[in-house]
Amino acid sequence: MRSTRATSAVERLKERSGNDGYAMVRTAAESFYLVDNSGGGAPVVLCEHLPLDEFVSFVKAYGPQTPRRQTKSDIAFEKQLVKKSES
């Protein structure tokens with residue numbers, strides 16, 4: 001099923017934000033949009049109808065972002081890059 005990527009993106013958004021009220025809606029025209037059901041009333045539509053790739057990009061950028069994990073080697077490499085660009 002093609003909407004698996006979209007479903008996974010929404011699940012990751014729920015984990016990042018701690019809000020289980022986010023839901024994906026798929027239309028008959030194969031477009032998607034994001035709604036927030038946490039308000040208790042009518043769902044709040046958070047974006048317009050988007051194709052799959054654009055919807056996944058929107059959901060990835062929406063809400064709080066998780067910081068990228070870095071190893072000691074990554075940090076040391078970035079310091080070397082800064083030193084070289086200053087020279």
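## A first look at this structure

In this structure, R26 stands opposite F32 in β2. That pair is a good place to start a tour of the sheet and the helices around it. This is a predicted model, in which local features need pLDDT of at least 70 and side-chain atom pairs count only at pLDDT 80 or more, while totals for chains, interfaces and linings use all residues. Residues are numbered from 1 along each chain as its sequence is written, and side-chain values use heavy atoms, with hydrogens and water left out.

Helices (H or I, at least four residues) and strands (E, at least two) are DSSP runs, numbered from the N terminus. The predictor's confidence in each residue is its pLDDT, from 0 to 100. For the protein chain the mean pLDDT is 87, and 92% of the residues reach 70 or more. Confidence is highest in β2, at 94, and lowest in helix α3 (residues 72–86), at a mean of 82.

**The sheet**

The open sheet has three strands in the order β1-β2-β3, with antiparallel pairing. At its edges stand β1 and β3 (44–45), each with a single partner strand, so one side of each is left without a neighbour in the sheet. Two strands count as paired if DSSP finds at least two bridges between them. Between β1 and β2 there are five bridges, in the antiparallel sense, and two bridges join β2 to β3, again running antiparallel.

Follow D36 to see how β2 links to both sides: D36 is the bridge partner of Y22, and D36 also has V44 in β3 as a bridge partner.

How much of β2 is buried? Five of its five residues are, so β2 is largely enclosed by the rest of the structure. Here buried means under 20% relative accessible area, exposed means over 50%, and partly exposed is in between (1.4 Å probe, protein chains only). Both faces of β2 are covered, with F32, L34 and D36 buried on one side and Y33 and V35 buried on the other.

**Helix α1**

Helix α1 (residues 4–17) has 14 residues and spans 20 Å from its first C-alpha to its last, close to the 20 Å expected at 1.5 Å a residue. That expected span is 1.5 Å times one less than the number of residues. The buried residues of α1 are A6, A9, V10, L13 and K14. Seen down the axis of α1, these residues fall within an arc of 140 degrees, so they line one face of the helix. The arc is that of the directions from the helix axis to the C-beta atoms.

Which elements cover these residues? They include β1 (22–26), β2 (32–36) and α2 (52–61), where contact means heavy atoms within 4.5 Å. E11, which lies in helix α1, is partly exposed, with a relative accessible area of 38%. From C-alpha to C-alpha, E11 and D74 are 29 Å apart in space, and 63 residues apart in sequence.

**Helix α2**

Helix α2 lies across β1 and β2 and runs at about 30 degrees to β2. Such angles run from 0 to 180 degrees between N-to-C directions, with axes as lines fitted to C-alpha atoms, for helices over the stretch in contact. In α2, L52, F55, V56 and V59 are buried. Seen down the axis of α2, its buried residues fall within an arc of 100 degrees, so they line one face of the helix. The cover over these residues includes α1, β1 and β2.

**Residues with a positive phi**

Most residues other than glycine have a negative phi, and most peptide bonds are trans. Three places to look at are these:

| Residue | Place | Phi |
|---|---|---|
| G18 | following α1 | positive, near 75 degrees |
| E30 | hairpin of β1 and β2 | positive, near 60 degrees |
| G63 | just after α2 | positive, about 80 degrees |

E30 has its positive phi although it is not a glycine. The hairpin of β1 and β2 has five residues between the strands, and E30 has its place in that loop. Is E30 buried or partly exposed? E30 is partly exposed, with a relative accessible area of 45%.
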